2 protein chains.
Amino acid sequence: MTKHAVTYEHIKTCKQSGARLGIVHTPHGSFETPVFMPVGTQATVKTMAPEQIKDMNANIILSNTYHLWVRPGHDVIKEAGGLHKFMNWDGAILTDSGGFQVFSLADLRNITEEGVHFRNHLNGDKLFLSPEKAMEIQNALGSDIMMAFDECPPFPASHEYMKASVERTSRWAERCLAAHERPQDQALFGIIQGGEYEDLRRQSARDLASLDFPGYAVGGLSVGEPKDVMYRALDFTTPLMPEDKPRYLMGVGSPDALIEGAIRGIDMFDCVLPTRIARNGTLMTSSGRLVVRNAKYARDFRPLDEKCDCYACKNYSRAYIHHLIRAQETFGLHLCSTHNLHFLVKLMEGVRQAIREDRLLDFKDEFFEEYGYNLPNAKNF
Amino acid sequence: MTKHAVTYEHIKTCKQSGARLGIVHTPHGSFETPVFMPVGTQATVKTMAPEQIKDMNANIILSNTYHLWVRPGHDVIKEAGGLHKFMNWDGAILTDSGGFQVFSLADLRNITEEGVHFRNHLNGDKLFLSPEKAMEIQNALGSDIMMAFDECPPFPASHEYMKASVERTSRWAERCLAAHERPQDQALFGIIQGGEYEDLRRQSARDLASLDFPGYAVGGLSVGEPKDVMYRALDFTTPLMPEDKPRYLMGVGSPDALIEGAIRGIDMFDCVLPTRIARNGTLMTSSGRLVVRNAKYARDFRPLDEKCDCYACKNYSRAYIHHLIRAQETFGLHLCSTHNLHFLVKLMEGVRQAIREDRLLDFKDEFFEEYGYNLPNAKNF
C-alpha cells in the first residue's frame with residue numbers, strides 16, 4: 001500500500017447526525033475537519049496577508065491552477081521555490097486542476113479524449129490542458145493536495161452526456177496518477193462526477209476508489225442546480241466514498257450548505273463566496289445577510305456583527321465600513337473579507353464542537369433559526 | 001499667553017546644516033521632527049490598517065477636510081465620536097482646511113471675500129467653503145492640528161494677484177481664529193502664502209505671526225513650480241517663521257525635497273506620493289526609483305529593496321509583487337504602500353539622526369549619491 005503525502009485521521013462520528021470529526025495531515029501541517037478553506041485564486045487570498053489568514057486559524061487555503069498557469073506562469077512559481085514560498089504561506093495548499101476554470105471561464109473550448117483546447121481569458125492565447133499538463137503545473141506549484149483533471153459539466157446535463165463524461169473523467173484520472181511525479185510530497189485527490197444521477201455517481205466512485213487516491217472530492221455540484229438537488233446527490237454519493245480518506249465538496253461555501261454538507265459526511269469545503277461578496281460590502285453575520293453598503297448603515301455605529309470578535313468587528317463600525325466601501329477604499333474590502341472569512345472559519349469550529357457533543361442537528365436548527373434561514377423570504381447566498 | 005493644544009520642544013539645531021531636531025506634543029501623543037506624515041485622505045491611509053502605520057513608528061497622519069466633508073460628512077464623524085474613533089487611530093491627526101482641494105479638485109469655483117462657492121467632485125452639488133465652515137468641519141472631526149482656510153494659487157501667479165490673495169488669506173486667518181471653538185483641544189496652524197515672492201512671504205509671515213498661531217505652515221509650494229524655485233522660497237521664508245513653533249511644509253514628500261526642506265528648517269511634511277505611486281507599482285528604494293510592474297521583474301526573486309527591513313521586503317520578492325500588481329490584487333498595492341511609507345519614515349529617522357550628529361549635509365550627499373539623484377538622467381518624483 002502506498003504511503004500517501006496526506007492522510008486522514010478519524011476522531012469521531014456525530015451520533016446525532018453522522019457527521020465526521022477528523023484531522024487531515026499534510027506536509028505543511030494538519031487541520032481539523034470539517035474545514036472551510038479560504039480561496040487564494042491568484043496566489044493571494046484577496047485583500048488578506050497570509051499572517052491574517054493564519055491568525056484566524058485557517059491552516060489550509062486553495063489556489064487555482066488555471067489562473068497561476070496563465071499568470072504569472074507555473075515556471076515562475078517553480079523557480080521561486082514553489083507556491084508556498086512565492087506567496088509566503090507555510091500552511092497547507094490545495095490546488096484545483098484547472099478543469100473547472102477551463103469549462104467556466106475560457107472561450108472556444110473543444111473537449112477531446114486527449115484534453116481540452118481553449119483560449120485563455122486574459123489575452124485569448126490558444127492553450128491546451130490535459131491530465132498530464134494539469135499534473136505538470138501542480139507539481140511545479142508544489143501544493144500539498146492536487147486535484148485530478150476532470151470534466152465538470154454544468155447543470156442540467158443529459159444522462160447520456162454525463163455518462164460519457166464520467167467515463168472520460170475516470171480515464172483522465174488514471175492518466176493523472178501516471179503523470180504525477182511527486183506522490184511522496186503531494187497528494188493527488190480524485191473527483192467523483194455524475195451530476196444528479198445516482199448510478200453515474202456510483203460508477204464514478206467505484207472507478208476512482210479502485211485507483212486508491214489519498215482523498216476524494218465530490219465535483220459537479222454547486223454548478224447551477226437547486227440546493228435540494230445538491231443535498232440529494234450528497235445523500236447518495238458520500239456513502240460511496242472511502243471512510244479512511246478525506247472527502248472534499250468542491251466550490252461550496254454558503255453557511256447552510258457547509259452545515260448540510262458536514263451532516264452528509266463531507267470534511268473539506270472551499271468557496272470564493274466570503275471574499276467575493278465582501279467586495280460588494282455584503283456580510284454574513286450571526287443574524288443573517290447584511291449589506292453594509294446600503295444607505296441605512298451610514299450612521300450605524302454598531303459593529304458588523306455584535307456577536308463577532310474578528311478584527312473588523314472589534315475595531316470598526318458599520319458606518320466606517322459603509323464609508324470605506326462607498327469611497328472605494330481597499331481597506332473596506334479588507335475589513336469585509338476579514339469578517340466573512342472569520343465567520344465561516346468560526347462556523348466550522350462550531351460544527352466541529354457540535355460533532356464532538358453529538359448534537360450537530362441541534363446546532364443546525366439553532367444556527368438556521370438565528371441566521372434567518374427559516375424565514376420565508378430569507379436572502380441566502 | 002494662550003496655552004496651546006500643541007507645542008514644539010526644540011532639542012537641537014544641526015551645526016552643519018541649520019536643520020532643527022524637535023518634538024511636537026499633541027493631545028494624541030508626541031512625535032519627533034523632522035517628520036513625514038502619511039496621508040489618509042478619506043479617513044484611511046490607502047491600503048493600510050492603522051496598526052500597520054503605528055508599527056512603522058509614524059505617530060501622526062494627515063486627513064483631508066474637503067473629502068470627509070463631502071463623504072461621509074463631518075456630522076457623521078462627529079456623531080461617531082470624532083475622526084480618531086471613527087477610523088480607529090489613536091495617534092495624532094492633522095487636517096487640512098479643504099482650501100487646496102477646492103482649488104484643485106472642485107469645479108466652477110468662485111472666490112469671494114466671504115469664501116468659495118464651488119461644485120463638489122462627487123455629484124456636482126453646490127457647496128460653499130469659508131473660514132467659518134472650515135473651522136466647523138475641523139472642530140467636528142476633532143483633529144489635533146487644524147489648518148486655517150487659505151487660498152492656494154497655482155504657479156505661476158502674478159505679483160498683483162498674489163498680493164491680493166495673501167491679504168485675503170490673512171483676513172481669513174483672523175476669521176478662522178475667531179470661529180475656532182475648541183482651541184484647548186485642537187491647535188490651529190496658520191499658512192504662509194506668497195508664492196515665489198519674497199516681499200509677499202514676508203508680509204504673510206508677519207501678518208500671521210501677529211496672530212500667535214501654535215504652528216505655521218508654508219503653503220503654495222509644490223504647486224507646479226520647479227524645485228529650485230521651491231527651495232529658494234524656503235530659503236527666505238523659514239527664517240521669517242517663529243522659532244518656538246512647528247514649521248510645516250505642505251504637500252511635499254519626494255525624498256530629495258524632504259531632506260532639502262529639513263535643511264531649510266522645516267519640521268513637518270506630508271504628501272500622497274508614497275501611496276499614490278504604490279498604486280502603479282512604483283517604489284522608492286535605497287538605490288532609486290523601481291517600477292516593479294515592469295516586465296524585467298517577472299523573475300526577479302530579490303526583495304524590492306535589499307537594504308530595507310519592511311514587512312514587504314522581509315517576506316516577498318519583486319516577482320511576487322510584480323505578479324500581484326499585474327493581477328490587480330489589492331495585496332500588491334498594500335505591499336508597495338507599506339514599503340514606500342516605511343522608506344520615507346526611515347528616511348526621516350536618518351535625517352533626525354544626522355541632525356543629532358551635526359552632519360545632515362553629509363547625509364544628504366551620501367543619500368543623493370546612493371539614490372542616484374546625482375545622475376544626469378535620474379528619474380525623480
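These legends go with a set of close-ups of a predicted model.

**View 1. Where chain A meets chain B.** Here we're looking at a contact built from 35 residues of chain A and 35 residues of chain B. Together the two chains bury about 3000 Å², with 53% of that on carbon and sulfur atoms. On the chain A side, Arg299(A), His323(A) and Glu329(A) supply 18% of the area buried against chain B, more than any other three residues.

**View 2. Salt bridges and polar contacts across the interface.** Chain A and chain B share 6 salt bridges. One to zoom in on pairs the side chains of Arg299(B) and Asp75(A), with N and O 2.5 Å apart. The polar contacts between the chains come to 20 residue pairs, both partners being at pLDDT 80 or more. Several helices of chain A give two or more residues to the side that touches chain B, among them H1 (50–55), H3 (74–79), H12 (311–315) and H14 (330–356). H13(A) makes the largest contribution to that side, with 5 residues. Sorted by class, the chain A side has 19 nonpolar, 8 polar and 8 charged residues.

**View 3. The largest cavity, lined by both chains.** The model holds 5 cavities of 30 Å³ or more, and the largest of them encloses about 120 Å³. Its lining draws on chain A and chain B: Thr47(A), Ala49(A), Gln52(A), Thr330(A), Phe331(A) and His334(A) are there, along with Thr47(B), Ala49(B), Gln52(B), Thr330(B), Phe331(B) and His334(B). Helix H14 of chain A and helix H14 (330–356) of chain B each supply at least two of the lining residues. The lining is made up of 4 nonpolar and 8 polar residues, with no charged ones.

**View 4. The second largest cavity and a cis proline.** This cavity has a volume of about 60 Å³. Residues lining it include Pro153(A), Pro154(A), Phe155(A), Met162(A), Glu196(A), Leu221(A) and Glu225(A). The lining breaks down into 8 nonpolar, 2 polar and 2 charged residues. Phe155(A), one of the lining residues, is joined to Pro156(A) by a cis peptide bond with omega of about -5°. Pro156(A) sits in the loop between strand E10 (145–147) and H7 of chain A.

**View 5. Helix H7 of chain A and its partners.** Of the 56 salt bridges found over all chains, this view picks out Arg171(A) with Glu113(A), whose closest N and O atoms are 2.8 Å apart. Arg171(A) is in helix H7 (residues 159–179) and Glu113(A) in the loop between strands E7 (107–111) and E8 (116–119) of chain A, so this pair ties together parts that are 58 residues apart in sequence. Ala179(A) also belongs to H7 of chain A. Leaving out residues up to four places away in sequence, Ala179(A) touches Glu132(A), Met135(A) and Asn139(A). The C-alpha atoms of Ala179(A) and Ala134(A) are 9.1 Å apart, with their positions 45 residues apart along the chain.

**View 6. Two backbone spots in loops.** Most residues other than glycine have a negative phi, and most peptide bonds are trans. Ala43(A) has a positive phi, near 70°, and is found in the loop between strand E4 (35–37) and H1 of chain A. Over in chain B, the peptide bond from Arg71(B) to Pro72(B) is cis, with omega near 10°. Pro72(B) lies in the loop between helix H2 (65–70) and helix H3 (74–80) of chain B.

Key:
Residues numbered from 1 in each chain as written. Chains lettered and ligands numbered in written order. Heavy atoms only, no water. Contact = heavy atoms within 4.5 Å. Buried area = accessible area lost by both parts, 1.4 Å probe. Salt bridge = Lys/Arg side-chain N within 4 Å of Asp/Glu carboxyl O. Polar contact = N/O pair within 3.5 Å; in protein donor to acceptor, adjacent residues only side chain to side chain. Helix = DSSP H or I, 4+ residues; strand = E, 2+ residues; numbered from the N terminus. Nonpolar A, V, L, I, M, F, W, Y, C, P; charged D, E, K, R; others polar. 1 Å grid on protein atoms, 1.4 Å probe; cavity = no way out; pocket = protein on both sides within 12 Å on 5 of 7 lines; lining within 4 Å. Points joined across faces, edges and corners; volume = space filled by probe spheres on them.
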